[in-house]
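The exercises below are to be worked with the sequence and the model open side by side. Each task is followed by a solution in steps.

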Amino acid sequence: AYIELGYKIWSSRLQKLDEELDAYADDSSVRNLVAESGTSLSGVLRGPWSLGALFEDYTGHASVPSPSHPHPLEGEAYFSGGYNIEVHGSRDGGSIDAIQIEFPRNLRVDNWDTQADLLTSLAEDILPQYLDHFYGFLF
């Protein structure tokens, strides 16, 4: 099971080549980030500094999208994000970007030690690296 990262981009669009995917930047919940950072949508979603890449590097848990898992497999369920990132993300303008993180059941419920390690890594390693790289926030 993957850690699923939702940017309001459908699974069918994630399956496209980077150049094709990049055309959907304005439909994403990170529209502002793409415009302000100069990084392509494909770079933000599945590049070496993407949240998926950082989750895999720091925790070893497969994440989608990421460089090693750029899209869900054909027919595989994928949660592209819900109400909060649709309403509060930058897709319809504004400067607040939003990403929804969905942890699979085995990381949420079944193993509390793994969950604690994962959340610690998110807070201490993944988010600081991501925010520093894309937004210039130093921690």
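A residue counts as buried when its relative accessible area is under 20%, as exposed when over 50%, and as partly exposed in between. The model is predicted.

**Exercise 1. Classify serine 11, aspartate 18 and serine 68 as buried, partly exposed or exposed, and place each in the chain.**

Solution.
- Step 1. Serine 11 is found in helix α1, residues 11-14. Its relative accessibility is 18%, so serine 11 counts as buried. Leaving aside residues up to four places away in sequence, serine 11 touches Pro72 and Tyr78.
- Step 2. Aspartate 18 lies in helix α2, residues 18-21. The value here is 35%, and aspartate 18 therefore counts as partly exposed. With residues up to four places away in sequence again not counted, aspartate 18 touches Ser42 and Arg46.
- Step 3. Serine 68 sits in the loop between β2 and α6 (83-88). Because its relative accessibility is 45%, serine 68 counts as partly exposed.

**Exercise 2. Give the C-alpha separation of aspartate 18 and phenylalanine 79, and that of serine 68 and tryptophan 112.**

Solution.
- Step 1. Aspartate 18 and phenylalanine 79 are 61 residues apart in sequence, and their C-alpha atoms are 20 Å apart in space.
- Step 2. Serine 68 and tryptophan 112 are 44 residues apart along the chain, with 26 Å between their C-alpha atoms.

**Exercise 3. Describe how helix α5 meets helix α8.**

Solution.
- Step 1. Take the axes of α5 (residues 51-59) and α8 (residues 112-135): they come within 10 Å and cross at roughly 130°. That angle makes α5 oblique to α8.
- Step 2. Assign the hand: α5 passes α8 in a right-handed crossing.
- Step 3. List the residues in contact. From α5 come Leu51, Leu54, Phe55, Tyr58 and Thr59. From α8 come Leu118, Ser121, Leu122, Asp125, Ile126, Leu127, Gln129 and Tyr130.
- Step 4. Sort the residues of this contact by type: nine are nonpolar, three polar and one charged.
- Step 5. Consider the spacing. An α-helix has 3.6 residues a turn, so residues three or four places apart point the same way.

**Exercise 4. Which residues of α5 are buried, and which elements do they pack against?**

Solution.
- Step 1. The buried residues of α5 are Leu51, Gly52, Ala53, Leu54, Phe55 and Glu56.
- Step 2. These buried residues pack against the strands β1 (3-6), β2 (63-64) and β3 (100-102) and against the helices α4 (41-46) and α8.
- Step 3. Look just after α5: glycine 60 takes a positive phi of about 80°.

**Exercise 5. Summarise the fold of the protein chain and compare its radius of gyration with that of a compact globule.**

Solution.
- Step 1. The protein chain has eight helices and three strands. Their order along the sequence is β-α-α-α-α-α-β-α-β-α-α.
- Step 2. For 139 residues, a compact globule would have a radius of gyration near 14 Å; the protein chain has 14 Å, which agrees.
- Step 3. Along the principal axes, the C-alpha atoms fill a box of roughly 40 × 40 × 25 Å.
- Step 4. Of the 139 residues, 42% count as buried.
- Step 5. Among contacts with a separation of 6 or more, residues 24 or more positions apart account for 61%.

Notes. Residues numbered from 1 in each chain as written. Predicted model: local features only at pLDDT ≥ 70, side-chain atom pairs only at ≥ 80, totals over all residues. Heavy atoms only, no water. Axes fitted to C-alpha atoms, helices over the stretch in contact; angles between N-to-C directions. Helix = DSSP H or I, 4+ residues; strand = E, 2+ residues; numbered from the N terminus. Parallel < 35°, antiparallel > 145°, perpendicular 65-115°, else oblique. Left-handed = near helix turned anticlockwise from the far one by under 90°. Contact = heavy atoms within 4.5 Å. Nonpolar A, V, L, I, M, F, W, Y, C, P; charged D, E, K, R; others polar. Buried < 20%, exposed > 50% of the residue type's maximum accessible area, 1.4 Å probe, protein only. Rg over C-alpha atoms; globule rule 2.2 N^0.38 Å.
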